[in-house]
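Okay, thanks for having me on the slot today. Let me put the thing up on the screen, and then I'll talk you through it.

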Amino acid sequence: MPTQGSNNESVHEPQLHELRQILFGKNNEHITEAIRPKAREIVAEVFSEALKDRQDKDGSVKKVMAPLVDKSVEYSVANRKEQFVGYLYPIVGSVVRKSVTAFLSEFIERTNQLLENSLTIKGLTWRLKARQAGVPYANYVASQTFNYRVEQVFLIHRETGLLLNSVSYNQQTSEDADLISSMLTAINDFVSDSFKPNIDGNEQGLDIVKTDDFTLVVKAGPSAVLVAAVTGNMPQKVADQLQLTVEEIHNLYEGSLGKFNGDASPFADCDQQLMDCLVSELKESANLKKSKPWMAWAILLLVAFGTSYYAYKLWMIQSYVDRIQGINQQPGIMLVRVHRDGIQNIILDVLRDPHAQPITLWLHENNIPEPAVRLTEKSYLSLESSIIQARVKSLLVQYPSVTLTGTGDTFTLAGELSQQQLHELKAAITKLPGLVNTQDVLAAINVSDSEHLDIDDDTSIHTLINLKISQINSTSVEFASNSTQLSPIAKKALRLIASQGASLLTLASKAKLEINFIIIGASDANGSQSYNEVLSIKRAQEVKNALHGYGMPADKLNAIGIGIIDVPAAGNGARKVLFNVITTQASQR
Amino acid sequence: MIQKKICLLGASGVGKTSLIKQFVEGIFSDKYLTSIGVKIDKKRVECQSDSVQLMLWDIEGIDRYCGFQPKYIRGAAAIIIVVDHTRSQSLIEGIEIFKLARDVSDVPAILAINKADLDSTWHWGEDELAELSHPFSHTFHTSAKSGANVELLFSTLAQKLLSEAEQ
């Protein structure tokens, strides 16, 4: 008797409770104490199975585990980066490769589609026709390419006309699907109200609605209606598929449909069933045409070719620019700037000595195409030794008997010239910029007619006379302090003056000029003025005697003393004898 | 988000369509109304806990000579009876329509006394009106012109529907 039993239990309850407390402890601590040593074993025995059972039961294990796994992964990534990278490394490469390949092939496919749609004659014709027909281009393309295509599928709650779910071929048109489904329901209601029920007493309902472009197929179940919008010639199998799907949905969602209160979320999962209805069939011609995306490849190749051509040209022009830098090494040429202008031209600004190698020649020698170079050239005078040599060489064209020997800074001329030619050459060489040691350069030239000057030309004679006068005038003889003795150097200079003086006198007589040599003695400021005056006269006299001794006529030599030249800075320089040549016209005398 | 179907009923010219226009976003032009007798718009109303998308069925003006299309009310979560307080007739007709609708559906009904921006010219006292509006769950004095109480009407409705759905 159940009532009896329950009465007994309630009577014995306090005693049982007491017994339990004795056996198990006040808070079951005897039991837990007994189990504790074995707890690990016991739990380990059933741990995996328990997890699985609980997961199967309500899926809560997953929720509990997820944050733990997240934390563990985070910890590993933060603290054991190396190992983690090691685990992932083998798969990362293939994942990246795969996604890049997928991206590229999709990109090529899309580009080709775009090109075919916009560039081919067919694409343009279709665009035109679509415009004439007043339908969007995409729809026109679909109608041309597909025999039929299910564009959109709606699942509608039959009683309320509310949208449960919808899928579409391209995701754009589904925004107002809820309004469309309500409107469809209203139209269906309108139809069933407007026409009498059929013989079986069932309501009239829409089955197929046809427009120019669209066919709406309506398949009604007891609680839900499936509507498909189809373009093109719809075959019966689409309607069959819809029928199957609407039945399947009723089977799967019977409960949710019955309890529907406006919340469409339980039907979010029926996407897959609806997707099955999005069928299409390509036209045969369109099917055949699905060949390689050659147009995209062609464009790609063209781009690649163009890019490599550009790169090649760029590389070429850059290598020219680099080579032109070397022009700076060339004597007499100074590089101002060189840079690339686009991929065709080089801008080159240089300074060039007229005696340096011509730029165009240099470019030619270095295999740089001349038309590519836009050259701006300005002249300058170079003091480089090779250019100086070149200048001298160009002078020597007039003197075939003279040859240039030596290189670099030290070079000399050798050969034989007449006195006059030598003078001319000397004058010309002196004018050349950058040449300092004219005397040394000309030292090795022999004068062929040094003995007898055969000069008739008046101006030449005058030039020669002036030359010699200036040579003598620029000569001086130095003395030691308080001395009138001639040093060996002084004697050598005096011998030269004597020979020059002799030839000067010869020339002067030809030019009918009277020549007089003034020999000016001077002294420094040491000693009294009167003593120094005497000293300076003595020095002049000594020089005069020496010159006379070397063969100069005494009557042409006038020795005078000017005493102290009081120039503190001159120092020893003041103890010297200077020369001055005076010319007068002989006829005037 | 849940969706609910709401039907607006009322005599011709009481301002059902204007009332909805105050409130909604739509894609169908008004000419649907005259061709099949119903125009549908939608409006999403945000409530504190959730949001409700109202599918508003604007059903063509009904008068005593014209039949009633009970199918349009099928599946509705609520109906709104719209009357015009400048015309006594519209109230009588509205009550009649309400009775007809009650025959096919027992969902909550709301009475919207429209054109509140104009002076009342009907001959109903406050007591009589209270008596008449007794079967309605709510009564609002609305104006489609100024927008007065329109927002309130629909948000009250949405709140009510939402709390029903949560139960």
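I'll start with chain B, go on to where the chains touch, and then walk through chain A. Before that, keep in mind that this is a predicted model.

So, chain B. There are five helices and six strands in it, and along the sequence they come as β-α-α-β-β-β-α-β-α-β-α. Chain B has 167 residues, and 40% of them count as buried. If you take contacts between residues at least 6 apart in the sequence of chain B, 73% of those join residues at least 24 apart.

The strand to look at here is E1 of chain B. How many of the nine residues of E1(B) are buried? Nine of the nine, so E1(B) is largely enclosed by the rest of the structure. And that goes for both faces: on one side you have B:Ile2, B:Lys4, B:Ile6, B:Leu8 and B:Gly10, on the other B:Gln3, B:Lys5, B:Cys7 and B:Leu9, and all are buried. Yes, there are lysines in that list, B:Lys4 on one side and B:Lys5 on the other.

Who are the partners of E1(B)? Strand E3(B) runs parallel to E1(B), with seven bridges joining the two, and B:Leu8 has B:Asp58 as its bridge partner in E3(B). Then there's strand E4 of chain B, residues 78-84, also parallel to E1(B), with five bridges. In that pair, B:Ile6 is matched with B:Ala78.

Now the contact between the chains. Chain B puts in 20 residues and chain A puts in 19. On the chain B side, strands E1 (2-10), E2 (38-46) and E3 (51-59) each supply at least two residues. Which strand gives the most to that side? It's E1(B) again, with four residues. By type, the chain B side splits into 10 nonpolar, five polar and five charged residues.

That brings me to the cores. The largest nonpolar core has 82 residues, and the ones that touch the most other members are A:Ala228, B:Ile6, B:Ala78 and B:Ile79. Strand E5 of chain A, residues 224-232, gives the most to this core, with seven residues. To zoom in on B:Ile79: skipping neighbours within four places in sequence, B:Ile79 is in contact with B:Cys7, B:Leu9, B:Ile73, B:Ala101, B:Val107 and B:Ala109. Apart from that core there's another, of 25 residues, including A:Phe517 and A:Ile465.

On to chain A, and another E1, so watch the chain letter. Strand E1 of chain A covers residues 146-157, and 10 of its 12 residues are buried. E1(A) is joined to E5(A) by nine bridges, antiparallel, with A:Ile156 opposite A:Val225. E1(A) also pairs antiparallel with strand E2 of chain A, residues 163-168, over five bridges, and there A:Ile156 has A:Leu163 as its partner. The hairpin of E1(A) and E2(A) has five residues between the strands, and one of the residues in that hairpin, A:Gly161, takes a positive phi near 75 degrees. There's also a short stretch with strand E6 of chain A, residues 280-282: three bridges to E1(A), antiparallel, with A:Phe146 standing opposite A:Leu282.

Further along chain A there's an open sheet of three strands, in the order E7-E8-E9, with mixed pairing. Strands E7 (333-341) and E9 (373-379) are at the edges with a single partner strand each, so one side of each is left without a neighbour in the sheet. From one strand to the next, the twist averages 10 degrees. E7(A) and E8(A), the latter being residues 345-352, run antiparallel with eight bridges between them, and A:Met334 sits opposite A:Leu351 in E8(A).

Lying across E7 and E8 of chain A is helix H12, residues 294-324, running at about 170 degrees to E7(A). Here's the database angle: an unreviewed UniProt entry lists residues 294-312 of chain A as "transmembrane region". In the model that span is 100% helix and 0% strand, and its end C-alpha atoms are 26 Å apart.

Last stop, A:Ser460, in helix H17 of chain A, residues 458-473. Buried, exposed or partly exposed? A:Ser460 has 16 other C-beta atoms within 10 Å, so it's partly exposed. A:Gln420 is 40 residues away from A:Ser460 in sequence, yet the two are 8.2 Å apart in space, C-alpha to C-alpha.

That's my tour, thanks.

Key:
Residues are numbered from 1 along each chain as its sequence is written. Chains are lettered from A and ligands numbered from 1 in the order in which they are written. This is a predicted model: local features need pLDDT of at least 70, side-chain atom pairs count only at pLDDT 80 or more; totals for chains, interfaces and linings use all residues. Two strands pair if DSSP finds at least two bridges between them. Axes are lines fitted to C-alpha atoms, for helices over the stretch in contact, and angles run from 0 to 180 degrees between N-to-C directions. Two residues are in contact if their C-beta atoms, placed from the backbone, lie within 7 Å. Ala, Val, Leu, Ile, Met, Phe, Trp, Tyr, Cys and Pro count as nonpolar, Asp, Glu, Lys and Arg as charged, and the others, Gly among them, as polar. A nonpolar core is a set of buried Ala, Val, Leu, Ile, Met, Phe, Trp, Tyr and Cys residues joined through C-beta atoms within 7 Å. A residue is buried if 20 or more other C-beta atoms lie within 10 Å of its own, exposed if 12 or fewer, and partly exposed in between; C-beta atoms are placed from the backbone. UniProt positions are given in the numbering used here, feature names are shortened, and annotations may be inferred rather than shown by experiment.
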